[in-house]
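Trainee: Could you take me slowly through the pockets of this protein, with a close look at what lines them?

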Amino acid sequence: MCGTCGCGEGQMTIDGKHHHSHPREIALERDIMAKNDGYARANRQRFRDAGILALNLVSSPGAGKTALLVKTLDMLGDTPCAVIEGDQQTTNDADRIRATGAPAVQINTGKGCHLDAHLVGHAVEDLNPRPDSFLFIENVGNLVCPAGFDLGEAHKVVVLSVTEGEDKPLKYPDMFAAADLALINKADLLPHLDTDLDLIVANARRVNPQLDIITVSAKTGFGMQDWLGWIKATHADQQSATAAE
Ligand code: MG
């Protein structure tokens, strides 16, 4: 019997706090995920029907997602792109994206720690991305919650900066398992750090042996052509898969 609420479950306390899930909370969580998955399916269908490649960029705060996107958009030039920016507060990132000329919508999640498919669906309505374009969704900086929420994207792309330590894939395995590509960013800083790049790669592959990994520097442009090549090849794969349906 739980001594705090009497719910009949064994009590687990950490620092004297009440830390177990109640059946009603679990049911609510299932309901939220089912609703999210329904919206995600609708988003995915819309993207595929329009030939849009949607990528969901996830990382901890400060890994360099926005700088990477700005560089990516600059390098993609006239290729039609649109961006959805997720942050708890401010329009700073959407402002940085719009400065490149790409259309962007900012979602502020307030207390929320991740984007969900319903919010993204509304942002897509506002953006109305062009057929056959690239849609980049920059999720709220957080290596935990965004892993569990399908937004209807074709792929999650996890961005990890070389300053974050080699063991992040092992500490946050859900995110690295959910991603299809890892971009190891800020490679320009490697000469100043003791970071073992090979160990980051090995740890990421321990969690997800199928993971594609590209080392990049949004600052110097190192590896950026490989990333652009991945985007274009992935879009071509999606287009031919859709045509074959
Ligand atoms: Mg950002």
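Mentor: What follows is a walk through the lining of two pockets, one after the other. Please keep in mind that the model is predicted, and that the values below are computed from it.

Let us begin with the largest pocket, which has a volume of about 240 Å³. Its lining is made up of 18 residues, and those that lie nearest the centre of the pocket are Thr79, Pro80, Cys81, Ala102 and Pro103. If you ask which elements give two or more residues to this lining, they are helix H2, which runs over 65-76, and strand S4, which runs over 81-87. Helix H2 gives the most to the lining of the largest pocket, namely 3 residues. Sorted by character, the lining of this pocket holds 9 nonpolar residues, together with 6 polar and 3 charged ones.

Now turn to the second largest pocket, which contains about 200 Å³ of space. Here the lining consists of 14 residues, and Pro61, Gly62, Lys65, Asp87 and Asp93 are the ones that lie nearest the centre of this pocket. Helix H2 appears again, for H2 and helix H3, which spans 92-98, each supply at least two residues of the lining of the second largest pocket. In this pocket, too, H2 gives the most to the lining, with 3 residues. As for character, the lining of the second largest pocket divides into 4 nonpolar, 5 polar and 5 charged residues.

When you go back to the structure, you might trace helix H2 with care, since H2 gives the most to the lining of the largest pocket and also gives the most to the lining of the second largest pocket.

Technical notes. Residues are numbered from 1 along each chain as its sequence is written. This is a predicted model: local features need pLDDT of at least 70, side-chain atom pairs count only at pLDDT 80 or more; totals for chains, interfaces and linings use all residues. Side-chain values use heavy atoms; hydrogens and water are left out. On a 1 Å grid over the protein atoms alone, a cavity is a set of points where a 1.4 Å probe fits but cannot get out, and a pocket is an open set with protein on both sides within 12 Å along at least five of seven lines; lining residues have an atom within 4 Å of a point. Grid points are joined across faces, edges and corners, and a volume is the space filled by probe spheres set on the points. Helices (H or I, at least four residues) and strands (E, at least two) are DSSP runs, numbered from the N terminus. Ala, Val, Leu, Ile, Met, Phe, Trp, Tyr, Cys and Pro count as nonpolar, Asp, Glu, Lys and Arg as charged, and the others, Gly among them, as polar.
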